[in-house]
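Here is a briefing on one protein chain. Keep the structure open while you read.

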Amino acid sequence: MTKQNINNMPLTWRHIYIVAVASLGQLIGTAVATVAGVIIPMMNILAHPELSTFMQGLIGCIDLIGIAIGSVIFGSLSDKYGYLLFFRFCPALMLVASLVALFIPNVAVLTIALFFVGLGIGGEYSLDSGYVSELMPVKYRALMVGVTKTASALGNIIAAALCFWVIMDTRNAADWHLLMWIVAAIAALMLILRIKFYESPKWLIDHGKIAEAEKAVEGFLGKDVMIPVPDPQASPVSKVQNVDSGKHADTGNFFSFIIKNGKRVILSGIPWACEGLGVYGIGVFLPILVMALGLEHFTAGEPEILHVASSVKITLYISCIMLPGFILGLWLINKKKSITAIQSVGFWLCAATLVVLLLSYHFQWNKWISIGAFMGFELFLNMGPHLITYVLPPKIYPVETRGEGVGIAAAIGKIGAVLGVFFIPILLKAGGATLVLIVSIAVMAIGAIVTNIYGRLVQENEKETA
């Protein structure tokens, strides 16, 4: 029986299943952010004395800190011990942490639990794209990695809908901890789906376990599929390693790498940090911003929890536009449009829609104009910056420094996200929704300007590596 090569075989339902299982890591990442953003205003109703603007920011960003740490820890451990162990351990960690927060409803416990949930999500981020990229046919590899990222939009939508359902069912702010059922349920589903999963074939090959790698490929894609095995007699490459293996050349220490690749670091990192304000800063506090802008509908005298429920309902409307944004971005990439142009235009359009939102708020225009502007912001954010900052770094670094370059870009991006989430409640207290919108417009403009100035590096790198 002639076996198909994994690299050039047609796309099958087994590939779709692999992408679906791996994508749950992206889905739970945004779901947790959405849940945290709803829990905070519910806690504010209860007037927790410890829930200062500092604590609001900390609850909003603590999982992001966990993500940054978890991606480094589990990424390193998976290189040593294999992907599968941590592909199962990460959802188990998230499940346990979310159940602790569920059954011990305490602000401090919630904060610690969200940190451990973030650790698990960080591990997911370091593993899901690895599984997808190595198991997809070359023709569909970039597209399917993008589809994996697109699942983050579903996380926002599903979490917002379930939060609204829980609030309307309980109508009690003291039941905020019940929202952690959403996180626990997704983590449990992830764990169940990964019981019958297999080790990374390329990790097995890199560790000389050829027979096990061949069995893993058959388990993933069927007995008629094979993976190319490098010739053990071939001369080793001293400096450049396979990008899929996660290894790269010795580029010296961290600071020398930054100095040598300064422009690439700026292009891949600064826009990612700017995007983080929109995705996480505005994303986490979207229900609170909806209330601050007066967009929710409620009847005077109603319980405050219904005030929150109305804002979550508006949040759900806004979140539904995220998925079309990702789809539009993937379509533009598939049409071979310049990724830096997509990112730059996306940033500028984000800034423009926030200007409309600011004017609508200032002149008290019809609330649906504001909601439409908010939806436009999410459409263009996910079409451009949110998707492209995930795709751009591997494009501008040569193979021998790609691993370190992508890692630094992701780290800068997470720093921007943490700062965005932490300072949103502080900005709200200092200058209300107006100050939040002005700062957000400026940050989106900075992302566009940096992309415009340094975007030519993509073309230069393509010429160098052609």
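L46 touches A173, A174 and W176, leaving aside its neighbours within four places in sequence. The model behind this briefing is predicted. The protein chain holds 18 helices and 2 strands. Of its 466 residues, 54% count as buried.

**Overall build**

- Contacts in the protein chain with a separation of 6 or more come 83% from residues 24 or more positions apart.
- The disulfide count is 0.
- C163 is buried, at a relative accessible area of 0%.
- C350 is also buried, with a relative accessible area of 0%.

**L46 and its partners**

- L46 sits in the loop between α1 and α2, where α2 covers 53-81.
- L46 is partly exposed, because its relative accessible area is 35%, and partly exposed residues fall between the 20% and 50% limits.
- W176 lies 130 residues from L46 along the chain, yet their C-alpha atoms are separated by 10.0 Å.
- A173 and A174 are the other contacts of L46 outside its sequence neighbourhood.

**Helix α1 against helix α6**

- Helix α1 spans residues 13-45, and helix α6 spans residues 180-193.
- Their axes come within 9 Å and cross at roughly 165°.
- α1 is therefore roughly antiparallel to α6, since angles over 145 degrees count that way.
- The crossing of α1 with α6 is left-handed.
- On the α1 side, the contact uses Y17, V21, L24, G25, L27, I28, A31, V32, V35 and I39.
- On the α6 side, it uses M180, I182, V183, I186, A187, M190 and L193.
- By class, this contact has 16 nonpolar residues, 1 polar residue and no charged residues.
- The polar entry is G25, because Gly is counted among the polar residues.

**Helix α1 against helix α12**

- Helix α12 runs over residues 304-319.
- α1 and α12 pack at an angle of about 165°, and their axes are 10 Å apart.
- That angle makes α1 roughly antiparallel to α12.
- The crossing of α1 and α12 is right-handed, whereas α1 passes α6 in a left-handed crossing.
- V38, P41, M42 and I45 are the α1 residues in this contact.
- They meet E304, I305, V308 and V312 of α12.
- The contact of α1 with α12 divides into 7 nonpolar residues, no polar residues and 1 charged residue.
- The charged entry is E304, because Glu is classed as charged.

**Helix α4 against helix α5**

- Helix α4 covers residues 107-135, and helix α5 covers residues 141-170.
- Their axes lie 9 Å apart, at an angle of about 150°.
- α4 is therefore roughly antiparallel to α5, since the limit for that label is over 145 degrees.
- α4 and α5 cross in a right-handed sense.
- D128, V132 and S133 in α4 meet R141, M144, V145 and T148 in α5.
- By class, the contact of α4 with α5 holds 3 nonpolar, 2 polar and 2 charged residues.
- The charged pair of entries is D128 and R141, because Asp and Arg both count as charged.
- The polar entries are S133 and T148, because Ser and Thr are outside the nonpolar and charged lists.

**S344 in helix α14**

- S344 lies in helix α14, which spans residues 339-363.
- S344 is buried, because its relative accessible area is 5% and buried means under 20%.
- Not counting residues up to four places away in sequence, S344 touches A448, T451 and N452.

**Positive phi outside glycine**

- R171 has a phi near 50°, a positive value in a residue other than glycine.
- R171 is found in the loop between α5 and α6.
- R171 counts as partly exposed, at 47% relative accessibility.
- Q364 has a phi near 55°, again a positive value in a residue other than glycine.
- Q364 lies in the loop between α14 and α15, where α15 covers 367-383.
- Q364 is exposed, because its relative accessible area is 71% and exposed means over 50%.

How values were computed. Residues numbered from 1 in each chain as written. Predicted model: local features only at pLDDT ≥ 70, side-chain atom pairs only at ≥ 80, totals over all residues. Heavy atoms only, no water. Axes fitted to C-alpha atoms, helices over the stretch in contact; angles between N-to-C directions. Helix = DSSP H or I, 4+ residues; strand = E, 2+ residues; numbered from the N terminus. Parallel < 35°, antiparallel > 145°, perpendicular 65-115°, else oblique. Left-handed = near helix turned anticlockwise from the far one by under 90°. Contact = heavy atoms within 4.5 Å. Disulfide = S-S within 2.5 Å. Buried < 20%, exposed > 50% of the residue type's maximum accessible area, 1.4 Å probe, protein only.
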